[in-house]
Amino acid sequence: MKKFLIIQTASIGDVILATPVAEKIHRAFPDAAIDMLVKKGNETLFHRHPFIREVIAWNKNDHKYPNFIRIIQKVRKNHYDSVINIQRFASSGIITVLSGAGKTTGFRKNPLSFLFTKRAEHTIGDGLHETLRNLRLTADIPGDDLPRPVLYPSETDFTGIRKYQDSAYYTISPTSIWFTKQYPMEKWIDFLGRIDKNSRVYFLGSRQDKDICNEIIERSGHSLSTNLAGELSFLESAALMKGAKMNYTNDSAPMHLSSSVNAPVTVIFCSTVPAFGFGPLSDDSFIAETTEHLDCRPCGLHGYRECPEKHFKCALTISTDQLVSRL
């Protein structure tokens, strides 16, 4: 096996959770070429990566299907020996089947899996973390399964955030694309107001999160808080998290960024539950969640735009004391 392609075209967090597969292949075949196929926008996760040779980015937002055809052509031209498809949608199955690779591996849930040369089970809530479910696809590759995801911020990334590290600090990543996975703003305001006024706090997120972060900071009155939403790359954010006293996130991509650099993290689970297998993997990690028994929780795997029961108790009943205890 000389050339491998790993396919994961889902969200940022899913791509991060695919990295143990690349790590295992590299340990077993240190001279092999390992490429990644991801959704456009996620390729920067592998900028200056020490052993990922090429990152192929599929632009799904602009001319999706013409780009899909070009991706298939690119994959076929690269003549991979092995394609490992972590994504479970038909589009990735088509790429896998048409890749021309002698060995194709994926999950049975993929509609095209009957055409793969090897298949594995993927069951949410089976007691395994998602990284271990992904590593089932490498069962015939020699070596131990190391489940923690790994990203490699470069010296340039660490240099870029050094100006923020003149004193001890915390980071807060307060948003999620799903409303029911996001700790409510009033709760974040309460928590920030309970952080020592002399402690520095950095807010992280995308450019779209900037206004929310500003409002939390302004309403809390915490003068040493700085809004870095939209200012840092993924790898710069990971580098900043690595040096933090504590990182606070929802069940969302920043949690996986923390795990990827083994940074201390406190994760808030609202409508989702750790039993799904997507929790934090840092050595110093803690899960904050409601202590009330709610028949409606979990209400879904990904969350919703609003609480289906209209009360959002899974979030509103999480005590801020759980977060404060981790300061």
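Buried means under 20% relative accessible area, exposed over 50%, and partly exposed in between (1.4 Å probe, protein chains only). The model here is predicted, so local features need pLDDT of at least 70 and side-chain atom pairs count only at pLDDT 80 or more, while totals for chains, interfaces and linings use all residues. Residues are numbered from 1 along each chain as its sequence is written, and side-chain values use heavy atoms, leaving out hydrogens and water.

**Exercise 1.** Classify the ring pair of Trp-58 and Phe-68, then place both residues.

*Solution.* Start with the rule: rings of Phe, Tyr and Trp (its six-membered ring) pair if their centres lie within 6.5 Å; planes under 30 degrees apart are stacked, over 60 edge-to-face, and the rest tilted. Nine aromatic pairs result from this rule. For Trp-58 and Phe-68, the centres are 5.1 Å apart with 35° between the planes, a tilted pair. Next, Trp-58 belongs to strand β3 (residues 52–58) and Phe-68 to helix α3 (residues 64–78), so the pair ties together parts 10 residues apart in sequence. Helices (H or I, at least four residues) and strands (E, at least two) are DSSP runs, numbered from the N terminus. Finally, Trp-58 is buried at 1% relative accessible area, and Phe-68 is buried at 11%.

**Exercise 2.** Do likewise for Tyr-169 and Tyr-202.

*Solution.* Their ring centres are 5.5 Å apart and the planes meet at 65°, so this pair is edge-to-face. Tyr-169 sits in strand β7 (residues 169–173) and Tyr-202 in strand β8 (residues 200–203), 33 residues apart. Both Tyr-169 and Tyr-202 are buried.
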